[in-house]
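Welcome, and thanks for taking a look at this one with me. Below is a short tour, starting from the overall fold and ending with the charged side chains.

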Amino acid sequence: MQDMFDELQAIIAERRRNPVAGSYTGELLAGGRAKIAQKVGEEAVEVVIAALSQGRDEQLNELADLTYHLLVLMSELDISLDDLRQRLRERHQARASG
C-alpha cells in the first residue's frame with residue numbers, strides 16, 4: 001500500500017510523462033528547474049513565517065505546500081523518495097556508528 005508521499009510522487013511522474021492541460025503540476029514542470037526551485041524557496045519562506053506567527057492549521061497547510069513543491073523538484077532532478085530514504089538511512093547509520 002502506498003502512502004500519500006508515494007502517491008503524490010506517482011502523480012507527479014505521470015504528469016511529467018503525460019502533461020495534462022490546465023494541470024498546476026504540468027505548469028510547474030513546463031517552467032523548468034529554475035521555476036520549480038524558485039517555488040520551493042517561496043514555500044520554504046512561507047513555512048518559516050507560519051512557524052513563527054501562525055497557528056497549527058496554517059502551519060500544516062504551508063508544510064503541505066512545501067512538501068508538494070519539493071516532490072515536484074525531486075521529480076525534475078530525477079530523485080525519488082526511495083533515493084531520499086536511502087540517503088537518510090545512510091546518514092543515520094553513519095551517525096549511529098560514529
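How many helices and how many strands does the secondary structure of the protein come to? The count is 4 helices and 0 strands, and from the N terminus on the elements run α-α-α-α. Please keep in mind that this is a predicted model.

**Overall picture**

Taken along the principal axes, the C-alpha atoms fill a box of roughly 50 × 35 × 30 Å. Of the 98 residues in the protein, 24% are buried. The protein exposes about 6,800 Å², and carbon and sulfur atoms supply 55% of that area. If you look at contacts with a sequence separation of 6 or more, 57% of them join residues 24 or more positions apart.

**A tyrosine in helix α3**

Tyr68 is a good residue to visit next. Its place is in helix α3, which covers residues 56-76. Is Tyr68 buried or exposed? Its relative accessibility is 16%, and because the cut-off for buried is under 20%, Tyr68 counts as buried. Leaving aside residues up to four places away in sequence, Tyr68 touches Ile12, Tyr24, Thr25 and Leu28. Two of these can be placed by their numbers: Ile12 falls within helix α1 (residues 4-17), while Tyr24 belongs to helix α2 (residues 24-53). Gly98 is another matter: Tyr68 and Gly98 are 30 residues apart in sequence and 33 Å apart in space, C-alpha to C-alpha.

**Charges on the surface**

The protein has 12 positive and 17 negative side chains, and the centres of the two sets lie 6 Å apart. Some of the negative ones gather on the surface, where Glu46, Asp57, Glu58 and Asp65 form a patch of negative charge. Which helix gives the most to this negative patch? That is α3, with 3 residues. Glu46 has its place in helix α2 and, at 31% relative accessibility, counts as partly exposed.

**Salt bridges**

A search of the whole structure finds 7 salt bridges. Here are three pairs, with the distance between N and O atoms for each.

| Acidic residue | Basic residue | N to O distance |
|---|---|---|
| Asp78 | Arg16 | 2.8 Å |
| Glu42 | Lys39 | 3.6 Å |
| Glu90 | Arg87 | 3.3 Å |

Let's begin with Asp78 and Arg16, whose side chains meet in a salt bridge. Asp78 lies in the loop between α3 and α4 and Arg16 in helix α1, so the pair ties together parts that are 62 residues apart in sequence. Asp78 counts as exposed, at 60% relative accessibility, whereas Arg16 is partly exposed, with a relative accessible area of 35%.

The Glu42 and Lys39 pair sits within one helix: both residues lie in α2, 3 residues apart, which is about one turn of the helix. Glu42 is partly exposed at 33% relative accessibility, and Lys39 is partly exposed too, with a relative accessible area of 21%.

Glu90 and Arg87 are in helix α4, and because they are 3 residues apart there, about one helical turn separates them. Glu90 counts as partly exposed, at 37% relative accessibility.

Finally, which residues are linked in a network of salt bridges? They are Asp6, Asp82 and Arg85.

Key. Residues are numbered from 1 along each chain as its sequence is written. This is a predicted model: local features need pLDDT of at least 70, side-chain atom pairs count only at pLDDT 80 or more; totals for chains, interfaces and linings use all residues. Side-chain values use heavy atoms; hydrogens and water are left out. Helices (H or I, at least four residues) and strands (E, at least two) are DSSP runs, numbered from the N terminus. Buried means under 20% relative accessible area, exposed over 50%, partly exposed in between (1.4 Å probe, protein chains only). Contact means heavy atoms within 4.5 Å. Patches are made of residues with over 30% relative accessible area and no salt bridge: like charges are joined within 9 Å, nonpolar side chains (Val, Leu, Ile, Met, Phe, Trp, Tyr) within 5 Å. Accessible areas come from the Shrake-Rupley method with a 1.4 Å probe; for residues, only the protein chains shown count as cover. A salt bridge is a side-chain nitrogen of Lys or Arg within 4 Å of a carboxyl oxygen of Asp or Glu. Lys and Arg count as positive and Asp and Glu as negative; His and the chain ends are not counted. The place of a charge is taken as NZ of Lys, CZ of Arg, CG of Asp or CD of Glu.
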